[in-house]
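Here is a quick walk through one chain, from its overall layout down to a few residues with unusual backbone angles. Have the structure open as you read.

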Amino acid sequence: MAELKIPAVSVAVVHNGTLVWAEGFGVRGSDGKPVTKETLFQAGSISKPVAAMAALHQVQTGKLSLDADINQALTSWHIPPSTLAPGATVTLRELLTHTAGMTVHGFPGYAAGSPLPTLIQVLDGTKPANTAPIRIEKIPGAEWNYSGGGFTVMQQTLLDVTHESFPS
């Protein structure tokens, strides 16, 4: 941790779906308080492989297509047309591979106790969201461009298709 300048880490061991061991190491911040197994961390991009598996499961069951216009699956929100890529459509394959040309590289998170936006507010960049709207900024499929925003579109797609909460 010292060599890589990592101030804190949390480690958990899960076996057969059951937490068998957890521990925290390091300090939480400038206050020097130690990390414990109860310390909360922002999961960030480590959740992307799990989210991708959930999306691919929906492809496997026939509820989603990797190569159809994702707006066909979205019901509560749609990717707006883009003047930067007129007539462009975005696919699940492009969202999952960061080739959809979507905005919003990453998300800064929210301070404990601050208002949390709905997913639609994040997609549209409206308060209390703290990022810009998620939109097409490049021709989909043309190049790789890391986009947490694209995964947010995929998350909304899963909600619309399954009619379940994202954790479920």
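## Naming and overall layout

A word on naming: helices and strands here are DSSP runs numbered from the N terminus, with at least four residues for a helix and at least two for a strand. Keep in mind that this is a predicted model. The secondary structure amounts to four helices and two strands, and following the sequence you meet them in the order β-β-α-α-α-α.

As for overall dimensions, the C-alpha trace spans about 50 × 35 × 30 Å along its principal axes. The chain has 168 residues, and 33% of them count as buried. If you take contacts between residues at least 6 apart in sequence, 60% join residues at least 24 apart.

## Surface and charge

The accessible surface of the chain is about 10300 Å², and carbon and sulfur atoms account for 60% of that. On the charge side, there are 10 positive and 12 negative charges, and their mean positions sit 6 Å apart.

## Helix α4

How far apart are the end C-alpha atoms of α4? Helix α4 covers residues 148-162, and at 1.5 Å a residue its 15 residues should span 21 Å; the end C-alpha atoms are indeed 21 Å apart, so the expected span and the model agree.

Is α4 enclosed or not? Buried means under 20% relative accessible area, and twelve of the 15 residues of α4 are buried, so the helix is largely enclosed by the rest of the structure. The buried set includes the run from G148, G149 and G150 through F151, T152, V153 and M154. Further along, Q156, T157, L158, D160 and V161 are buried too. As for what they pack against, the buried residues of α4 meet three other helices: α1 (48-60), α2 (92-96) and α3 (119-124). Just after α4, H163 takes a positive phi of about 60°.

## The loop between α3 and α4

Now step back to the loop that leads into α4. P128 is found in the loop between α3 and α4, and the peptide bond joining K127 to P128 is cis, with omega about 10°. Most peptide bonds are trans.

N130 also has its place in the loop between α3 and α4. Which residues does N130 touch, leaving out those up to four places away in sequence? They are P108, G109 and Y110. With G109 there is a polar link as well: the side chain of N130 reaches the backbone oxygen of G109 at 2.8 Å. N130 is partly exposed, since its relative accessible area is 35%. For a sense of distance, the C-alpha atoms of N130 and A100 are separated by 22 Å, with their positions 30 residues apart along the chain.

## Positive phi toward the N terminus

Most residues other than glycine have a negative phi, which makes a couple of spots worth a look. K5 lies in the segment before β1 (8-15), and its phi is near 55°, a positive value in a residue other than glycine. K5 counts as exposed because its relative accessibility is 72%.

N16 sits in the loop between β1 and β2 (18-26). Is N16 buried or exposed? N16 is exposed, with a relative accessible area of 71%. N16 has a positive phi of about 55°, although it is not a glycine.

Conventions:
Residues are numbered from 1 along each chain as its sequence is written. This is a predicted model: local features need pLDDT of at least 70, side-chain atom pairs count only at pLDDT 80 or more; totals for chains, interfaces and linings use all residues. Side-chain values use heavy atoms; hydrogens and water are left out. The expected span of a helix is 1.5 Å times one less than its number of residues. Buried means under 20% relative accessible area, exposed over 50%, partly exposed in between (1.4 Å probe, protein chains only). Contact means heavy atoms within 4.5 Å. Accessible areas come from the Shrake-Rupley method with a 1.4 Å probe; for residues, only the protein chains shown count as cover. Lys and Arg count as positive and Asp and Glu as negative; His and the chain ends are not counted. The place of a charge is taken as NZ of Lys, CZ of Arg, CG of Asp or CD of Glu. A polar contact is a pair of N or O atoms within 3.5 Å; within protein, one must be able to donate a hydrogen and the other to accept it, and residues adjacent in sequence count only if both atoms are side-chain atoms.
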